[in-house]
Amino acid sequence: MDNSVIYNRIYALSLEWGQNWRKSITRIVKEEYPSLADEQQEQISSYIENTRAEIEHHVYDLYCSTNGIGPIAEVVSDWIQNNYPWMNHENISHAISQAMYYAIK
C-alpha cells in the first residue's frame, strides 16, 4: 500500500474531534492497520505525531509573529505542501484550521 494513503488516513483520524479527540496515534495505527509489523506501526505513529506537532508549532509561530494578521493560511498551506508533499488538500485545510484554533487559544 502507498505510504501517502496510510499517512493521510492516520493524519485525518489524528485530527478528529469528539470521542476520539487526541486519541493515541499508535492506537489509531494499530486499529487501522493491524497487519503492519510493530516496527512499521511505530514509525508511522512517530512520523504523524511529529508532523502534527511541527504544523501546530509553525502556525503558532506565524500567528505570534504577525499578531494574527495576514494570510497565515496561504503561507502555511504552501509550507505544508513543500514539507509534506504526500498530504492531501483536505488534510492540509483541516490541519491549518485546527492549528489556528490552538494558536488563538
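# A tour of a five-helix chain

Start by selecting Ser77, which sits in helix α4, residues 72–83. This is a predicted model. Ser77 is buried, since its relative accessible area is 16%, under the 20% limit for that class. Now show what surrounds the side chain. With neighbours within four places in sequence set aside, Ser77 is in contact with Ile92 and Ile96.

**The whole chain**

Zoom out and colour by secondary structure. The protein chain has five helices and zero strands, and from the N terminus its elements run α-α-α-α-α. The radius of gyration is 14 Å, close to the 13 Å that the globule rule gives for 105 residues, so the protein chain is as compact as a globular protein of that length. Along the principal axes, the C-alpha atoms fill a box of roughly 45 × 30 × 20 Å.

Colouring by accessibility brings out the buried residues, which make up 38% of the 105 residues. A contact map gives another view: among contacts with a separation of 6 or more, 62% are between residues 24 or more positions apart.

**Helices α1 and α2**

Select residues 3–14 for helix α1 and residues 25–32 for helix α2. The two helices pack at an angle of about 130 degrees, and their axes are 10 Å apart. That angle makes α1 oblique to α2. Their crossing is right-handed.

Which residues make the contact between α1 and α2? On the α1 side, show Arg9, Ile10, Leu13 and Ser14. On the α2 side, show Ile25, Ile28, Val29 and Glu32. Coloured by class, this contact has five nonpolar residues, one polar residue and two charged residues.

**Helices α2 and α3**

Keep α2 and add helix α3, residues 38–66. Here the angle is about 135 degrees and the axes are 9 Å apart. α2 is therefore oblique to α3, and the crossing of this pair is right-handed.

From α2, select Ile25, Thr26, Val29 and Lys30. They meet a set in α3 made up of Asp38, Gln41, Glu42, Ile44, Ser45, Ile48, Glu49 and Arg52. By class, the residues of the contact of α2 with α3 divide into four nonpolar, three polar and five charged.

Ile25 and Val29 deserve a label in the viewer. Both are listed in the contact of α2 with α1, and both are listed in the contact of α2 with α3.

**Two stops along α3**

Stay on α3 and select Gln43, which lies in this helix. Is Gln43 buried, exposed or partly exposed? Gln43 is partly exposed, because its relative accessible area is 40%, and that class lies between the 20% and 50% limits. Draw a distance from the C-alpha atom of Gln43 to that of Thr26: the two are separated by 9.3 Å and are 17 residues apart along the chain. Thr26 has already appeared among the α2 residues that meet α3.

Then move along to Val59, also placed in helix α3. At 0% relative accessibility, Val59 counts as buried. What is Val59 in contact with, leaving aside its neighbours within four places in sequence? The residues to show are Val76, Ala99, Met100 and Ala103.

For the last stop, draw a line from the C-alpha atom of Val59 to that of Trp17. The separation is 19 Å, and the two residues are 42 residues apart along the chain.

Notes: Residues numbered from 1 in each chain as written. Predicted model: local features only at pLDDT ≥ 70, side-chain atom pairs only at ≥ 80, totals over all residues. Heavy atoms only, no water. Axes fitted to C-alpha atoms, helices over the stretch in contact; angles between N-to-C directions. Helix = DSSP H or I, 4+ residues; strand = E, 2+ residues; numbered from the N terminus. Parallel < 35°, antiparallel > 145°, perpendicular 65-115°, else oblique. Left-handed = near helix turned anticlockwise from the far one by under 90°. Contact = heavy atoms within 4.5 Å. Nonpolar A, V, L, I, M, F, W, Y, C, P; charged D, E, K, R; others polar. Rg over C-alpha atoms; globule rule 2.2 N^0.38 Å. Buried < 20%, exposed > 50% of the residue type's maximum accessible area, 1.4 Å probe, protein only.
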